[in-house]
Amino acid sequence: MTARNIARFWEWGRKIICVGRNYAEHAKELRNAVPSEPVLFLKPPSAYVKEGSPILVPRYCSSLHHEVELGVVIGKAGTAIPQSSAMEHIAGYALCLDMTARDIQDECKSKGLPWTLAKAFDTSCPVSEFIPKERLPDPANVTLWLKVNDVERQNGSTSQMIFSIPYLISYISEVISLEEGDLILTGTPKGVSAVQEHDELQAGIDGIVTMTFQIDKTW
Ligand SMILES: O=C(O)/C=C/C(=O)CC(=O)C(=O)O
Ligand SMILES: [Mg+2]
């Protein structure tokens, strides 16, 4: 079998594990309590979208929100990984968007239902190019930003995360074994807002990566 290229992790069909409410200011802007344990949910591999293809608004959604997040790409499989060796399991990073059907999420929350329709639809996980680990030596201190039609909406540092990357890898891998090519979305800083058809989203990590996506309708 040909060796797969980790730089094209989004083609591997591996799982996407998302962490929610990992920034206190974002938890507060949505009137949520700051969590004492990580909040986890999943996206399927069909959620991936790369630059050049549009982010699609699900037919049933009337409030699609952007959430810019640092993604961690797993390079070495593991179960119950100790925090002390967690960083050894990372191959690299990607800038990611956790696109969220906020109206549907609110409805799910009020009914006590899972967030699948709000978080796991096709194109709900736009990703940048792969960032090799060596290019981001201090992932706990990088600034993520996002603009909609050239207006800045999000700008936050990963230093504001409640749960660190080693803690998240350890916590997740106690429950869900991590495999090479898996992606962990580490949560969004404050400033999430709604986008419309034809909007242009630009996001970046200064000096490391930028990416641009257009919003389109599903039909
Ligand atoms: O609980 C809510 O109202 C919303 C939570 C999220 O969407 C969590 C995230 O995905 C995040 O914090 O990044
Ligand atoms: Mg999120």
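1. Start with a strand pair. Strand β5 (residues 64-65) and β8 run antiparallel, joined by two bridges. His-65 faces Thr-100 of β8 across this pairing. Strands pair here if DSSP finds at least two bridges between them. Helices (H or I, at least four residues) and strands (E, at least two) are DSSP runs, numbered from the N terminus.

2. On the model itself. This is a predicted model, in which local features need pLDDT of at least 70 and side-chain atom pairs count only at pLDDT 80 or more, while totals for chains, interfaces and linings use all residues. Residues are numbered from 1 along each chain as its sequence is written, chains are lettered from A and ligands numbered from 1 in the order in which they are written, and side-chain values use heavy atoms, with hydrogens and water left out.

3. Confidence. pLDDT is the predictor's confidence in each residue, from 0 to 100. The protein chain averages 97, and 99% of the residues score at least 70. Among the elements, helix α1 (residues 24-29) has the lowest mean, 93, and strand β9 (residues 125-127) the highest, 99. The model scores are ipTM 0.98 and pTM 0.97. Where pLDDT is low, the predicted coordinates should not be read in detail.

4. The small sheet. Which strands make up the open sheet, and in what order? Three do, in the order β8-β5-β14, with antiparallel pairing. β8 (100-101) and β14 (194-195) stand at the edges with a single partner strand each, so one side of each has no neighbour in the sheet.

5. Domain record. UniProt lists residues 15-215 as "domain: Fumarylacetoacetase-like C-terminal", in an unreviewed entry. UniProt positions follow the numbering used here, feature names are shortened, and annotations may be inferred rather than shown by experiment. Over residues 15-215 the chain is 15% helix and 35% strand. The end C-alpha atoms of that range are 24 Å apart.

6. Metal site. Which residues coordinate the magnesium ion (ligand 2)? Glu-67 (OE), Glu-69 (OE) and Asp-98 (OD) do, at 2.0 to 2.1 Å. Their spacing in sequence is E-x1-E-x28-D. Donors are N, O and S atoms within 2.8 Å of the metal (3.2 Å for Na, K and Ca); water is not among the atoms, so sites may look incomplete. Glu-67 and Glu-69 are both buried. Buried means under 20% relative accessible area, exposed over 50%, and partly exposed in between (1.4 Å probe, protein chains only).

7. Lys-119. This residue sits in helix α3 (residues 116-119). Lys-119 is buried, with a relative accessible area of 3%. Lys-119 touches the donors Glu-67 and Asp-98. Other contacts of Lys-119 include Phe-41, Lys-43, Met-99, Thr-100, Arg-102, Gln-105 and Ser-124. Contact means heavy atoms within 4.5 Å, and residues up to four places away in sequence are not counted for Lys-119.

8. Helix α2 (residues 102-111). Its buried residues are Arg-102, Ile-104, Gln-105 and Cys-108. Seen down the axis, they fall within an arc of 155°, so they line one face of the helix. The arc is that of the directions from the helix axis to the C-beta atoms. These buried residues of α2 pack against α1, β5, β8 and α3. Ser-110 and Lys-111 are exposed on the face of α2 turned away from the buried side. Just after α2, Gly-112 takes a positive phi of about 70°.

9. Strand β6 (residues 68-74). Seven of its seven residues are buried. Val-68, Leu-70, Val-72 and Ile-74 lie on one side, and Glu-69, Gly-71 and Val-73 on the other. In a regular strand the side chains alternate between the two faces of the sheet. Seven bridges join β6 to β7 (residues 90-97), and the two run antiparallel. Three bridges join β6 to β13 (residues 183-185), also antiparallel. Gly-71 stands opposite Ala-94 in β7 and opposite Leu-185 in β13.

10. Arg-14. This residue lies in the segment before β1 (16-20). Arg-14 counts as partly exposed, at 22% relative accessibility. Its contacts include Arg-4, Pro-45, Glu-179 and Asp-182.

11. Positive phi outside glycine. Arg-31 has a phi of about 60°. Arg-31 lies in the loop between α1 and β2 (39-43) and is exposed, at 78% relative accessibility. The phi of His-198 is near 80°. His-198 is in the loop between β14 and β15 (200-205) and is exposed, with a relative accessible area of 61%.
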